[in-house]
Amino acid sequence: MRLLVTGGAGFIGANFVLRMLQRLPELELINLDALTYAGCRESLASLDADPRHTFVHGDILDESLVGELVARVEGVINFAAESHVDRSIEDPDVFLRTNILGVRVLLDAVRQEEKKHGRKLRFHQVSTDEVYGDLGDSGDYFREDTPLAPSSPYSASKTSADLLVGAWRRTFGLDTVITRCSNNYGPYQFPEKLIPLMIWKARRGEKLPVYGKGLNVRDWLHVEDHVDAIWEVYTKAGSGAVYNVGGSNEWRNIDIVKRILAETGQPEELISYVADRPGHDLRYAIDAGRIRRELGWEPSYTFEDGLKHTIQWYKEHDAWVDALRARVES
Ligand SMILES: NC(=O)c1ccc[n+]([C@@H]2O[C@H](COP(=O)([O-])OP(=O)(O)OC[C@H]3O[C@@H](n4cnc5c(N)ncnc54)[C@H](O)[C@@H]3O)[C@@H](O)[C@H]2O)c1
C-alpha cells in the first residue's frame, strides 16, 4: 500500500511515519511537508536509506505538486497544519491558509484523481477535540455528535476543515474519515507546547510559565496511541466515519507541571503564573467509547509511564531540542 502523508515532519506525522514503516514492511509513504518552523527533517533521519519513505519538500497549497503526488498513491492522511493556539491568536492568516485552503487543495486533488482515472482514494483528516469548544465546568464529555463550537482561530480553522471534508464527501462523493484527538505528548513534539516546554525549562532550572492559575484541564494521550488509532480508522472505519480519540486521562495543567518538576528533581518555586491566554478553554474531555467499541482500539500507555518515557526521551535528545528552540528564539 502506498499513501501520501502530509505534515510528516511534524510531531504527530513523524511519529506516524516512523512507527508505521517499522510495523508494516509492505507500506510505502510519500511524505509532503513544507518544513515550517514546526517541521523537522532530522526527526526522520533514520529513514534516509529506506526506499519505502519518499520525502517531498513542498506546500499542500501547491495544487500541481499535490495533484502529481495524489496520482501516485492509494490514499491521503493529512497531518499538515499550523497547530499552536497562541500563534493563531497572534497571526491567524497562515492558519486559515494551511488549515482551510490547504485542505481544499488536498480534497480537490483526490476528487480530480477520481474524476480523471476512476480511482477511489480514501482521505483521512487528522482533526482535534478543540473543534468542540469548551466544556467549562459542566462535567460533560465530547461525543462525535457534540455541536462544533470552536473558540480560537486555530480551532475555528480546524473546524472549517472538518466541514469542508463533510461537504466534499456529500457533494462529490469522496471517501473520507475524520479523527478528533485530545492533547498529545511524546517524542518529537516541538518544545513550545506545554509538556516539552516545561521539561526543557525544568531541566535548565528556568521559570516555568503557567497560564492563569493552571486550572485548565486537558485529556492527554501518548502520541503512539494516537498514531495507532489513526491507522485503525484509516484501515477499518466505514466511509464518512468520525471518531473521537482520547485517553480518558484528564489533568489540570498545574498538576502536570508539578509532576514534571518532581520527575526532573526541581522545586515548585520555579512555577511562574502568567496572564491567561485570551479565550482559554477551561476543560476538554473526550468520550472515546465509539472507537473502543467499534474498532477495538485501546490506549497502551498509562500517563505516568508515558510521561516518564517522554522526559527520558527529551533528556537523550538535547541537540534536537536545542536546534528547534533556536528557531523560536532567533
Ligand atoms: N499536537 C496535538 O496535541 C494534536 C492533538 C489533536 C490533533 N492534532 C492535529 O494533528 C495534526 C498534526 O499536529 P502536530 O502537533 O504534529 O503539528 P506540528 O505543528 O508539530 O506539525 C505540523 C507539520 O505540518 C507541516 N506544515 C505546516 N504547514 C504546511 C503546509 N502548508 N504544507 C505542508 N506542510 C505543512 C509543518 O512543517 C510540520 O511538519 C494537526 O492537524 C493538528 O491539528 C494535534
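Which residue has a backbone N or O atom that lies 2.9 Å from an oxygen atom of the ligand? Asparagine 184 does. Please keep in mind that this is a predicted model. Here are some points to follow with the structure open.

1. **The sheet.** A good place to start is the open sheet, which is made of 7 strands. Their order is 3-2-1-4-5-6-10, and the pairing is parallel. As a piece of background, strands of a sheet pair through backbone hydrogen bonds, either parallel or antiparallel. From one strand to the next, the twist averages 20 degrees.

2. **The edges.** Now look at strand 3 (53–57) and strand 10 (242–245), which stand at the edges of the sheet. Each has a single partner strand, so one side of each is left without a neighbour in the sheet.

3. **One pair of strands.** Strand 1 (residues 2–6) and strand 2 (residues 28–33) run parallel and are joined by 5 bridges. To find one of these partnerships, pick out threonine 6: its bridge partner in strand 2 is leucine 32.

4. **Helices across the sheet.** Helix 2 (residues 63–70) lies across strand 1, strand 2, strand 3 and strand 4 (75–78). Its direction is at about 175 degrees to strand 2. Helix 4 (residues 93–117) lies across strand 1, strand 4 and strand 5 (122–128), and runs at about 165 degrees to strand 5.

5. **Threonine 128.** Strand 5 also holds threonine 128. Is this residue buried or exposed? Threonine 128 counts as buried because its relative accessible area is 7%, and the cut-off for buried is under 20%. A polar atom of its side chain lies 2.9 Å from the backbone nitrogen of glutamate 130. Leaving aside neighbours within four places in sequence, threonine 128 is in contact with Tyr154, Lys158, Thr179, Arg180 and Cys181.

6. **Around the ligand.** Two of those contacts, Tyr154 and Lys158, are also worth finding beside the ligand. How many residues surround the ligand? There are 28, and the closest are Ile12, Asp33, Ser83, Tyr154 and Lys158. The backbone takes part here too: a polar backbone atom of isoleucine 12 is 2.7 Å from an oxygen atom of the ligand. For isoleucine 60, a backbone N or O atom lies 3.0 Å from a nitrogen atom of the ligand. Asparagine 184, from the opening question, belongs with these backbone examples at 2.9 Å from a ligand oxygen.

7. **Salt bridges.** Side chains of opposite charge can pair when their charged atoms come close. The structure holds 25 salt bridges. In one of them, the side chains of lysine 120 and glutamate 114 meet at 3.4 Å, N to O. Lysine 120 counts as exposed because its relative accessibility is 53%, while glutamate 114, at 14%, counts as buried. Another joins the side chains of aspartate 140 and arginine 143, also with 3.4 Å from N to O. Aspartate 140 is partly exposed at 34% relative accessibility, and arginine 143 is partly exposed at 34%.

8. **A pair in a helix, and a network.** Glutamate 294 and arginine 290 both lie in helix 9 (residues 289–295), 4 residues apart, about one turn of the helix. Their side chains meet in a salt bridge of 3.2 Å, N to O. Glutamate 294 is partly exposed, with a relative accessible area of 44%, and arginine 290 is partly exposed at 25%. Elsewhere, salt bridges that share partners join Arg19, Arg23, Glu224 and Asp228 into one network.

Note on methods. Residues numbered from 1 in each chain as written. Predicted model: local features only at pLDDT ≥ 70, side-chain atom pairs only at ≥ 80, totals over all residues. Heavy atoms only, no water. Pairing = 2+ DSSP bridges. Helix = DSSP H or I, 4+ residues; strand = E, 2+ residues; numbered from the N terminus. Axes fitted to C-alpha atoms, helices over the stretch in contact; angles between N-to-C directions. Contact = heavy atoms within 4.5 Å. Salt bridge = Lys/Arg side-chain N within 4 Å of Asp/Glu carboxyl O. Buried < 20%, exposed > 50% of the residue type's maximum accessible area, 1.4 Å probe, protein only. Near = heavy atom within 4 Å. Polar contact = N/O pair within 3.5 Å; in protein donor to acceptor, adjacent residues only side chain to side chain.
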